Amino acid sequence: MFPISPSVRRWSSPCERRAACFCDVHLMISDPLKYVAPFVDGGADLITFHVESDSDPDAVIAAIREKGKIPAISVKPKTPAQAVYPYLDKVGMVLVMTVEPGFGGQSFMADMLPKIKALRQRPESFPSIWIFRWTGAST
């Protein structure tokens, strides 16, 4: 268990004073299914997990939905966009990684833009889901 999970909202005290605070959690871990409940209990509103994780994506999505929260799925640069197609009608967001996760200081990978376009062109994704990109701060 992550020590931060039970206190996601506590450490963000300004959010406690705002009714409209939205807590987006990105789980870059091998077994996100194991941590859905602790993060929801800690205040997560949306939980993003990687399609490449060891957990079954359908099971993770179901666990997040059962808790009344928004499931989101992420795809790494080396994984084709098609890997998330089966889940587009089940998630509220797709996060396209435009850097390799876990390494700071990387430059934006412009060759990921066609992946974003391919996702947006899927009929099950427009206009019902958000498509975001995750990028490094370096240029």
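Which residues of helix H3 (residues 57-66) are buried? In this predicted model, local features require pLDDT of at least 70 and side-chain atom pairs count only at pLDDT 80 or more, whereas totals for chains, interfaces and linings use all residues. Residues are numbered from 1 along each chain as its sequence is written, and side-chain values use heavy atoms, with hydrogens and water left out.

With helices (H or I, at least four residues) and strands (E, at least two) taken as DSSP runs numbered from the N terminus, the buried residues of H3 are Pro57, Val60, Ile61, Ala63 and Ile64, where buried means under 20% relative accessible area with a 1.4 Å probe and protein chains only. Viewed down the axis of H3, these residues fall within an arc of 160° and therefore line one face of the helix, the arc being that of the directions from the helix axis to the C-beta atoms. Their cover includes helix H2 (36-41), strand E2 (46-50) and strand E3 (70-75).

The largest nonpolar core, a set of buried Ala, Val, Leu, Ile, Met, Phe, Trp, Tyr and Cys residues joined through side-chain atoms within 4.5 Å, has 30 residues, and those with the most contacts inside it are Ile47, Ile73, Val84, Val94, Val96 and Leu119. H3 gives the most to this core, with four residues. A second, separate core of five residues includes Leu46, Ala72, Met93 and Met97.

Strands E1 and E2 pair in the parallel sense over four bridges, pairing requiring that DSSP find at least two bridges between two strands; His26 stands opposite Thr48 in E2.

Notes: Buried < 20%, exposed > 50% of the residue type's maximum accessible area, 1.4 Å probe, protein only. Contact = heavy atoms within 4.5 Å.
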